[in-house]
Amino acid sequence: MPGGGDDWVNHPLGAVHRIFAQNSAGWEKKVVEYFWEKLKDTTAANWVPSLNDVPLHYLKPNSLVKFRCMVQDMFDPEFYMGIYETLELNAKSKILRFGKYKDVAECGVSNLVVFFQCSLFFIVLSATDSHYLLNWT
């Protein structure tokens with residue numbers, strides 16, 4: 001079973017929260033390194049349940065899973081809040097949070113999202129069209 005002091009298979013977001021709190025600048029790279037290190041063990045892949053083999057009612061919510069599939073390019077980009085800040089209205093305190101690896105923001109009734117950083121999809125403009133170069137520089 002997983003070791004190392006934390007349950008990275010059943011509660012992977014706990015590890016991500018901890019890494020984010022310790023390294024707010026390079027946290028994404030450190031998360032990838034953390035899970036690569038955990039999965040180096042030759043038996044570690046057996047600890048992670050497969051969506052292809054395990055019925056959904058046996059999987060714990062928010063646990064780490066593997067999935068074998070075919071990847072298809074999508075036409076519309078998917079946006080997410082990489083980092084966002086919430087304001088606790090009652091206590092007037094701000095908390096920096098991460099939105100990567102999550103479907104919804106952690107924001108309660110008395111919280112307000114005051115800042116967010118999201119990933120954007122850009123299309124490169126043709127360098128031969130001077131109209132775009134003049135208007136975008």
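This is a tutorial dialogue on reading features of a predicted model.

User: Let's begin with the overall layout. How many helices and strands does the protein have, and which pattern do they follow along the sequence?

Analyst: Happy to start there, and please keep in mind that the model is predicted. The secondary structure comes to 4 helices and 3 strands. Read along the sequence, they follow the pattern α-α-α-β-β-β-α.

User: What share of the residues is buried, and what supplies the exposed surface?

Analyst: Of the 137 residues in the protein, 23% are buried. The exposed surface is about 10800 Å², and carbon and sulfur atoms supply 60% of it. For contacts between residues at least 6 apart in sequence, 49% join residues at least 24 apart.

User: Now the interior. Which residues of the largest nonpolar core touch the most other members?

Analyst: The general idea is that in soluble globular proteins, nonpolar side chains tend to be buried together. Here the largest nonpolar core has 15 residues, and those touching the most other members are Trp-8, Val-16, Trp-27, Val-31, Tyr-34, Phe-35 and Phe-98. Helices α1 and α2 each supply at least two residues of this core, and α1 gives the most, with 5 residues.

User: Which residues of helix α1 are buried, and what covers them?

Analyst: Helix α1 spans residues 12-22, and its buried residues are Pro-12, Leu-13, Gly-14, Ala-15, Val-16, Ile-19 and Phe-20. Their cover includes α2, β1 and β2 (93-98).

User: Why does Tyr-34 count as buried?

Analyst: Buried means under 20% relative accessible area. Tyr-34 counts as buried because its relative accessibility is 15%. You will find Tyr-34 in helix α2, residues 27-38. Between Tyr-34 and Val-16 there are 9.0 Å in space, C-alpha to C-alpha, with the two 18 residues apart in sequence.

User: And Phe-98, another residue from that core list: which residues does Phe-98 touch?

Analyst: Leaving out residues up to four places away in sequence, Phe-98 touches Leu-13, Val-16, His-17, Phe-20, Trp-27, Met-81, Gly-82, Ile-83 and Tyr-84. Two of these partners deserve a closer look. His-17 is found in helix α1 and is partly exposed, as its relative accessible area is 34%. With the same limit on sequence neighbours, His-17 touches Phe-98, Lys-102 and Glu-106. His-17 and Arg-97 are 80 residues apart in sequence, yet 8.5 Å apart in space, C-alpha to C-alpha.

User: What about Met-81: where is it found, and how accessible is it?

Analyst: Met-81 is in strand β1. Its relative accessibility is 24%, so Met-81 counts as partly exposed. The C-alpha atoms of Met-81 and Gly-99 are 5.0 Å apart, while the residues are 18 apart in sequence.

User: Let's move to the loop between α3 and β1. What is the phi of Asn-62 near?

Analyst: A useful general idea first: most residues other than glycine have a negative phi. Asn-62 has a positive phi, near 65°. Asn-62 lies in the loop between α3 and β1 and is exposed, with a relative accessible area of 57%.

User: Is Ser-63 buried or exposed, and which residues does it touch?

Analyst: Ser-63 belongs to the loop between α3 and β1. Ser-63 is buried, because its relative accessible area is 16%. The side chain of Ser-63 reaches the backbone oxygen of Lys-60 at 2.8 Å. Apart from residues up to four places away in sequence, Ser-63 touches Val-9, Asn-10 and Pro-12.

User: Which residues form the nonpolar patch on the surface?

Analyst: Leu-51, Leu-56, Val-65 and Phe-67 form this patch, and together they have about 370 Å² of accessible area. Phe-67 is placed in the loop between α3 (44-47) and β1 (81-88).

User: One last feature. Which side chains meet in a salt bridge?

Analyst: To read one, look for a side-chain nitrogen of Lys or Arg within 4 Å of a carboxyl oxygen of Asp or Glu. By this rule the count is 1 salt bridge. The side chains of Glu-37 and Lys-40 meet in a salt bridge, with 3.2 Å from N to O. Lys-40 counts as exposed, because its relative accessibility is 60%.

Notes
Residues are numbered from 1 along each chain as its sequence is written. This is a predicted model: local features need pLDDT of at least 70, side-chain atom pairs count only at pLDDT 80 or more; totals for chains, interfaces and linings use all residues. Side-chain values use heavy atoms; hydrogens and water are left out. Patches are made of residues with over 30% relative accessible area and no salt bridge: like charges are joined within 9 Å, nonpolar side chains (Val, Leu, Ile, Met, Phe, Trp, Tyr) within 5 Å. Accessible areas come from the Shrake-Rupley method with a 1.4 Å probe; for residues, only the protein chains shown count as cover. Buried means under 20% relative accessible area, exposed over 50%, partly exposed in between (1.4 Å probe, protein chains only). Contact means heavy atoms within 4.5 Å. A polar contact is a pair of N or O atoms within 3.5 Å; within protein, one must be able to donate a hydrogen and the other to accept it, and residues adjacent in sequence count only if both atoms are side-chain atoms. A nonpolar core is a set of buried Ala, Val, Leu, Ile, Met, Phe, Trp, Tyr and Cys residues joined through side-chain atoms within 4.5 Å.
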